[in-house]
Amino acid sequence: MAGDAGGTNATARLLRAEDGGNRSGQVEEGRPKEPWKGEYVKSVVYAGLDAIITCFSLISSISATHSSSVDVLVLGFANLVADGISMGLGDYVSSSTEKDVAAKERAVTEWDVTNHGRAQRQELVRKYQQLGMDIHDAATVVEIFAKYKDILVDEKMTAEKGMTPPDEEEKPWKNGLITLVAFLVFGCLPLLSFVVLIPFTNNETVKFFGACFMAILALAVLGIAKAKIAGQNYVLSVFITVGNGAFAAAAAYAIGWTLRNVAGLVD
């Protein structure tokens, strides 16, 4: 009884100390910044990056052949929609497959724990030992987990198989839809300059430079968002993101120019 009371008092003191620390609001020096959290932030950022680079590269290759704004808009929007549907469907299939695999793996792990509990606990103890835990501590931790079957199953999936238990609230179709919308929205930005500038100028070069400006601006914004998510340096992230888009667009422009002026394949 005395041991139980001592354990209870120790737990109570720990909880009070933690609660007091949370209320203090003090930020510890040297603590790394937390990444930007959001359920669909990653899908939006990376779909947007892919869309801008893909669409801007297409615009660059078409502009290198001195095609009209109509050609740029028709090919640009057609390619944008097709790629967006492909990206969204791919995200849906990937997310649903990953969820199904995790659910199947969890069912297998749960069966193993139910029918071969002792052997499964021993495997988890050995895994903790490999991670540097003392055998007695490892055995204690596993015995505690064994009191809660669902926790033990999830821990075995994470520690031994490197898999995250399936999230029942995750909706793969939402991932696909978010990716599609983000791809279409951000991919439209380089094309908007051609639409907006049509009433003001017929100079295709001006329209192309407008697309360059829009693409660089959008890439910079997404570079900042990417740095926020990963906790990276903002300047470096923007530089890498814009540089990636510029390199891809330059390569596409060079290919278009070469096909027209050297190979003579474009009329």
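About 16,600 Å² of this protein is exposed, with 62% of that supplied by carbon and sulfur atoms (Shrake-Rupley areas, 1.4 Å probe, and for residues only the protein chains shown count as cover). The model is predicted, so to speak with filters on: local features need pLDDT of at least 70, side-chain atom pairs count only at pLDDT 80 or more, and totals for chains, interfaces and linings use all residues. Residues are numbered from 1 along each chain as its sequence is written, and side-chain values use heavy atoms, with hydrogens and water left out.

**Exercise 1. Work out the fold inventory and place the annotated spans on it.**

Step one: count the elements. There are 9 helices and 0 strands (DSSP runs numbered from the N terminus: H or I of at least four residues for helices, E of at least two for strands).

Step two: bring in the record. An unreviewed UniProt entry gives "transmembrane region" for residues 177-200, 206-225 and 234-255; positions follow the numbering used here, feature names are shortened, and annotations may be inferred rather than shown by experiment.

Step three: check two of the spans. Residues 206-225 are 100% helix, with end C-alpha atoms 29 Å apart. Residues 234-255 are also 100% helix, and there the end C-alpha atoms lie 32 Å apart.

**Exercise 2. Is A211 buried or exposed, and which residues does A211 contact beyond its neighbours within four places in sequence?**

Start with the address: A211 sits in helix α8 (residues 204-230). Next, the accessibility: A211 counts as buried because its relative accessibility is 0% (buried is under 20% relative accessible area, exposed over 50%, partly exposed in between; 1.4 Å probe, protein chains only). Then the partners: with those neighbours set aside, A211 touches F56, I59, P190, S193 and F194 (a contact is heavy atoms within 4.5 Å). Finally, F194 is 17 residues away along the chain, with 7.2 Å between the C-alpha atoms.

**Exercise 3. Do the same for A252.**

Helix α9 (residues 234-261) holds A252. A252 is buried, because its relative accessible area is 14%. Apart from neighbours within four places in sequence, A252 contacts S57, S60 and S61. A64 is 188 residues from A252 in sequence, yet their C-alpha atoms are 8.6 Å apart.

**Exercise 4. Put the two alanines in the context of the whole chain.**

First, burial: 32% of the 267 residues count as buried. Second, sequence range: take contacts between residues at least 6 apart in sequence, and 73% of them join residues at least 24 apart.
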